[in-house]
Structure formats: C-alpha cells, structure tokens
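This report describes selected local features of one protein chain. The sequence and the structure are shown first, and the discussion follows.

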Amino acid sequence: MARPIRLVGEPVLHEPARPVAELDAAVLAVVDDLLATMRATSHSVGVAAPQIGVGLRIAVVDVTGHPKARSCHGELVLVNPELVLAEHPAVGREGCMSVPDLTGDVARATHVVVRALDRDGVEQIIEADAFEARALQHELDHLDGTLFLDRVVAADRLFRRKVYR
Ligand code: ZN
C-alpha cells in the first residue's frame, strides 16, 4: 500500500536508519509499501524506508524507461545496502519526493557497486552507472539521514521547481 511521503524537517529523514536484523513479515510489508509508493508516483525512481516513516535500511530503485538511464537493473529491492565502489564523480540535477519544492545540483559517482540483500535475503552485487548510479546513491543517503539538500554543490545551485507533478 502506498504510504504518505515524509517531508524535510521530520526527524526520521535526518537520522541514520537501523540495519534490518531479519527479513520477517513486517520487513517484507515495508518492502511492498515502498514499491507501491514508488509506483504511485509516476516520475519516482526510488524510495527509501525513512521517507515512509520507517527507520530501517531498506530502499527500492527502478530507473526503467528513464531517458538518462544507461545501466538498468529494473526493480531493485535493497536491504542493508552498502556502497562498495564509487568513482568518477559528476554534477547532476536531483530532486526528492521529500523535498517537493526544490531541485539542486549534486556531485555523485557515475560508476558504483552496491552490495545488498534482496527481498529473499540473498546477497546481490549491483554494478551501475550514470542515472541508476545517481539514484542508488541518493537512496542510500536517505538511510544515513542525508538529503540531497545536504550535498548541493553551492547555495546558488538550488532551484525552485516551477511545477511539481
Ligand atoms: Zn529522496
């Protein structure tokens, strides 16, 4: 079930999330809610558990069909994800459902390797580049209580959205 998105300023978005200890029914329900929440917003390419008010290290990403995507793994469920390689940074524009009024320029690695458990508890190694790499880093940041606002390259590189949705 899609859940309301928490907005910047709410404590759950600004504190580190806890590791998932066991992939039990409650955790799988969070995964399903994350996927439903991502699907409910047509332009969303990812959602992290803190954004739906859950302080656990779980995120989902799906850049399918995005014009800026190069690598594309389809729907990714990431439990306890870790960034194991991040290289070749480049600046690009980002937005976030938790910050509906603003976009900003953020430097991110354009090539990453992420290790995470999938929804069955099986370890997966994801090598991604370009837009998918950016989306992964953005969602992993949420699990550390970091928003793109905290990483904008300069104060004058933050922009007000003309229209949201
Ligand atoms: Zn976000």
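## Two glutamates and a zinc site

Glu75 is located in the loop that runs between strand S2 (58-61) and strand S3 (76-96). The model is predicted, and every value below is computed from it.

Glu75 has a relative accessibility of 43% and is therefore classed as partly exposed, since that class lies between the 20% limit for buried and the 50% limit for exposed. Leaving aside residues up to four places away in sequence, Glu75 is in contact with Leu35, Arg39, Val61 and Asp62. With one of these, Arg39, the side chain of Glu75 forms a polar contact of 2.8 Å. Arg157 follows 82 residues from Glu75 along the chain, and the C-alpha atoms of Glu75 and Arg157 are 30 Å apart.

A second glutamate, Glu94, belongs to strand S3. Its relative accessibility is 5%, so Glu94 counts as buried, the limit being under 20%. The contacts of Glu94, again without residues up to four places away in sequence, are Thr103, Gly104, Val106, Arg108, Arg134, His138 and Phe148. The side chains of Glu94 and Arg108 are joined by a polar contact of 2.8 Å.

The two glutamates are set side by side below.

| Residue | Location | Relative accessibility | Side-chain polar contact |
|---|---|---|---|
| Glu75 | loop between S2 and S3 | 43% | Arg39, 2.8 Å |
| Glu94 | strand S3 | 5% | Arg108, 2.8 Å |

His138, one of the residues touched by Glu94, leads to the metal site. Which protein atoms are the donors of the zinc ion? They are SG of Cys96, NE2 of His138 and NE2 of His142, at 2.0 to 2.2 Å from the ion. The spacing of these donor residues in sequence is C-x41-H-x3-H. Because Cys96 is part of strand S3 and His142 part of helix H2 (residues 130-143), this pair ties together parts of the chain that are 46 residues apart in sequence. Both Cys96 and His142 are buried.

Helix H2 itself comprises 14 residues. From its first C-alpha to its last, H2 reaches 21 Å, which is close to the 20 Å expected at 1.5 Å a residue. H2 is mostly covered, with 13 of its 14 residues buried. After H2 comes Gly145, which has a positive phi near 75°.

Notes:
Residues are numbered from 1 along each chain as its sequence is written. This is a predicted model: local features need pLDDT of at least 70, side-chain atom pairs count only at pLDDT 80 or more; totals for chains, interfaces and linings use all residues. Side-chain values use heavy atoms; hydrogens and water are left out. Helices (H or I, at least four residues) and strands (E, at least two) are DSSP runs, numbered from the N terminus. Buried means under 20% relative accessible area, exposed over 50%, partly exposed in between (1.4 Å probe, protein chains only). Contact means heavy atoms within 4.5 Å. A polar contact is a pair of N or O atoms within 3.5 Å; within protein, one must be able to donate a hydrogen and the other to accept it, and residues adjacent in sequence count only if both atoms are side-chain atoms. Donors are N, O and S atoms within 2.8 Å of the metal (3.2 Å for Na, K and Ca); water is not among the atoms, so sites may look incomplete. The expected span of a helix is 1.5 Å times one less than its number of residues.
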